[in-house]
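Hello,

Here is the structure I promised to pass on. Please open it first, then read my notes below.

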Amino acid sequence: MADISANFLGIKSPNPFWLASAPPTDKKINVLRAFEAGWGGVVWKTLGSQVKNVSSRYSALHYNGSKVMGFNNIELISDRPLELNLREIKECIKLFPDRAMIVSLMADNTREKWHELIAQVEDTGAHGLELNFGCPHGMTERGMGAVVGQDPEIARLVVEWVMEKATIPVITKLTPNVHSVVPTGKAAVEAGTNALSLINTIQSVTGIDLDTFVPNPYVAGKSVFGGYCGPAVKPIALKMLATISQDPVTSKVPVSGIGGVSTWKDAAEFMLLGATTVQVCTAAMKHGFRIVEDMCEGLNNWMDEKGFRTINDFIGRSVPHLTQWEELDINYHIVANIDQEKCIHCGLCYIACEDGSHQSIGLQYGNPYNTYTIKEEECVGCNLCMLICPVDNCITMVEQRKGPDYVNWKEYQARGLPLNDH
């Protein structure tokens, strides 16, 4: 069988699945149950100055019968006494020395406070530190969290302070509440961080109660922007991870990927775009700790199928396939094809193409059902009909090149080739 163990900056874990800094990693009882279930590591819920949380704290986006497609929270860092957290971290490490123990930190923004907190955490025997530069609510009003992550120079300064004191690996966690994660990522790498993790949660409003008119979550008639995570943020997380993997500076350090990881397939996609480990939160909160069993088994089976012996065999393999639009091959062309044997004659493809695309599906009325066919001369290969179709492999896309040679947009213009004739 494939070897799914991970080595992140010398921090070894039996698999690449870590629980992210969140309620599931807030206390000893949770972390021990997670390790017993098989998680490879945890990032302990963020430690810092004492805080007071509010009630309620969570809200969610449900879509088309699926619960918690997106998850929103306004919870702050750990509200448990620092001394209690430190003692429990040490106890968890003693009981499970083979698991990764990373501790998330958010100190008051002075060199002295960071140095003091780092020394206290390192005394527990923790394997690494994660700097929380991403919390988008509550802590920002105190000049911490996303406020640091949104300003590359402030982030650079804090990382420099941390690297003066830290003797164990440091991971800088980036906020997605920026136009690009690369500037802050570069500043952190240039300041000496050993690794990056991303993404933290996205500022959001998941919905509004149409009776009270108060956005969720409800706190005595008021609400605030919360941190958004869960399956709905995965595409955004993958894009931001890819930009880190493409940049010549940020790509020099390993990355722990976060954002909507719910299955082994999600994890594989994050790793193909450059992540060495993945962190999970919402899926564990929704389904419980034992989902890691399916994650490990699925990743192992896929690696066996593909012939990958270790996770290093495929980390980053998808990054070279991402390019600029101007470099895409204009001569590459596909058209849709409907398998009439599989078609259930629902007409969804026709409606979508007729009203939302390029009117390239023909309708022939019949009894007892209608028949739908592709007008190949009109089809632009947009994929919409295939994406809409409820039957697997009923609609497929068939290659019909416009020319044998590769021609991108810049070359197309340089040759003076004709544009679309409508």
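**Second largest cavity**

The lining of the second largest cavity splits into nine nonpolar residues, five polar ones and no charged ones. Keep in mind that this is a predicted model. The space inside the second largest cavity is about 100 Å³. It takes 14 residues to line the second largest cavity. Closest to its centre are Cys-353, Ser-360, Cys-379, Cys-382 and Cys-385.

**Cysteines**

How many disulfides does a search of the whole structure find? The search finds zero. Take Cys-382, which you just met at the second largest cavity. The closest cysteine sulfur to that of Cys-382 belongs to Cys-385, and at 6.3 Å it is too far for a bond. A disulfide needs the two sulfur atoms within 2.5 Å. Cys-382 is partly exposed, because its relative accessibility is 41%.

Now look at Cys-394. Its nearest cysteine sulfur is that of Cys-389, 4.2 Å away, and Cys-394 is in no disulfide. Is Cys-394 buried or exposed? Its relative accessible area is 3%, so Cys-394 is buried.

**Largest cavity**

The structure has five cavities of 30 Å³ or more. The largest cavity holds about 460 Å³ of space. Its lining is made of 37 residues. Ser-21, Ala-22, Asn-73, Asn-200 and Thr-201 lie nearest the centre of this cavity. By class, the lining has 20 nonpolar, 14 polar and three charged residues.

Which element gives the most to this lining? Helix 9 does, with three residues. Several elements supply at least two residues each, among them strand 4 (41-48), strand 6 (66-73) and strand 14 (275-280).

**Largest pocket**

The largest pocket contains about 870 Å³ of space. It is lined by 21 residues. Nearest the centre of the pocket are Ile-330, Tyr-332, His-333, Lys-402 and Asn-420. Eleven of the lining residues are nonpolar, six are polar and four are charged.

**Domains**

The domain assignment gives two entries for the protein chain: domain 1 (6-321) and domain 2 (326-415). Their C-alpha centres lie 40 Å apart.

**Aromatic pairs**

There are ten aromatic pairs. One of them joins Trp-302 and Phe-308. Their ring centres are 5.6 Å apart, the planes are at 55 degrees, and the pair is tilted. Trp-302 counts as buried because its relative accessibility is 15%. Phe-308 has 13% relative accessibility, so Phe-308 counts as buried too.

Why is the pair of Trp-325 and Trp-409 called edge-to-face? Their ring centres are 6.4 Å apart and their planes stand at 65 degrees, so the pair is edge-to-face. The cut-off for that label is over 60 degrees. Trp-325 sits in the loop between helix 10 (291-306) and strand 15 (334-338), while Trp-409 sits in helix 13 (residues 409-414). The pair therefore ties together parts that are 84 residues apart in sequence. Trp-325 is exposed, at 55% relative accessibility. Trp-409 is partly exposed, at 27%.

Finally, ring pairs link Trp-264, Trp-302, Phe-308 and Phe-314 into a cluster.

Best wishes

Notes:
Residues are numbered from 1 along each chain as its sequence is written. This is a predicted model: local features need pLDDT of at least 70, side-chain atom pairs count only at pLDDT 80 or more; totals for chains, interfaces and linings use all residues. Side-chain values use heavy atoms; hydrogens and water are left out. On a 1 Å grid over the protein atoms alone, a cavity is a set of points where a 1.4 Å probe fits but cannot get out, and a pocket is an open set with protein on both sides within 12 Å along at least five of seven lines; lining residues have an atom within 4 Å of a point. Grid points are joined across faces, edges and corners, and a volume is the space filled by probe spheres set on the points. Ala, Val, Leu, Ile, Met, Phe, Trp, Tyr, Cys and Pro count as nonpolar, Asp, Glu, Lys and Arg as charged, and the others, Gly among them, as polar. Domain bounds come from an automatic or database domain assignment. Rings of Phe, Tyr and Trp (its six-membered ring) pair if their centres lie within 6.5 Å; planes under 30 degrees apart count as stacked, over 60 as edge-to-face and the rest as tilted. Buried means under 20% relative accessible area, exposed over 50%, partly exposed in between (1.4 Å probe, protein chains only). Helices (H or I, at least four residues) and strands (E, at least two) are DSSP runs, numbered from the N terminus.
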